[in-house]
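Dear colleague,

I am handing over the structure below, and my notes on its cores and on two of its residues follow it. Please read them alongside the coordinates.

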Amino acid sequence: MTEQKVPMTPEGQIRLREELERLKKVELPQVVKDIGVAREHGDLSENAEYHAAKERQGLIVARISFLEQTLSRAEVIDPSKLSGSKVQFGARVKLCNVDTDEELSYQIVGPEEADIKQNRISVSSPLARGLIGREVGEEVKVQMPAGPRTFEILEITYA
């Protein structure tokens, strides 16, 4: 069984590689030093510094492993090389919430790049799944966590 590819933009791949590098070259060596210093303080069974550093080390190692696996399965898709009239990965989509007349704008990105504060939603989110394959002018009914919503697609761009 082959592992599933993880779609991501070139920017997302760069950010993940930078995070991986920082974890390996800065944070992991620092936590190893912290463990050494805490170990010098004596009895490890009651040493909160030591236990906190060991826990942090475990989290860092787990994140490094996750990033390495994710990057090894990366399928980098450059939205600037895409075009078309249908919503697909990498698209920037301007929507109108039919119920509230509120205009929204999102870019559809990989799961590790999603950041709602930057209007970047995961390709696997309910909204993105509802938009994929649709065109400007279409109304899309989406079952959101807060209940059903209807959106009209106003614009689709790739940049």
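Helices (H or I, at least four residues) and strands (E, at least two) are DSSP runs, numbered from the N terminus. This is a predicted model, in which local features need pLDDT of at least 70 and side-chain atom pairs count only at pLDDT 80 or more, while totals for chains, interfaces and linings use all residues. Residues are numbered from 1 along each chain as its sequence is written, and side-chain values use heavy atoms, with hydrogens and water left out.

Glu19 sits in helix H1 (residues 10-39) and, with a relative accessible area of 18%, is buried, a term that means under 20% relative accessible area (1.4 Å probe, protein chains only). Setting aside residues up to four places away in sequence, Glu19 touches Arg63 and Leu67, where contact means heavy atoms within 4.5 Å.

The largest nonpolar core (buried Ala, Val, Leu, Ile, Met, Phe, Trp, Tyr and Cys residues joined through side-chain atoms within 4.5 Å) has 17 residues, and Val87, Val93, Leu95, Leu127, Leu131 and Ile153 have the most contacts inside it. At least two residues of this core come from each of strands E3 (92-97), E4 (103-109), E6 (139-144) and E7 (147-157) and from helix H3 (126-131). A second, separate core of 15 residues includes Leu16, Leu23, Ile64 and Leu71.

Ile121, which belongs to strand E5 (residues 120-122), counts as buried because its relative accessibility is 9%. Beyond its neighbours within four places in sequence, the contacts of Ile121 include Tyr106, Ile108, Ile116, Leu127 and Ala128.

Best regards

How values were computed:
Buried means under 20% relative accessible area, exposed over 50%, partly exposed in between (1.4 Å probe, protein chains only).
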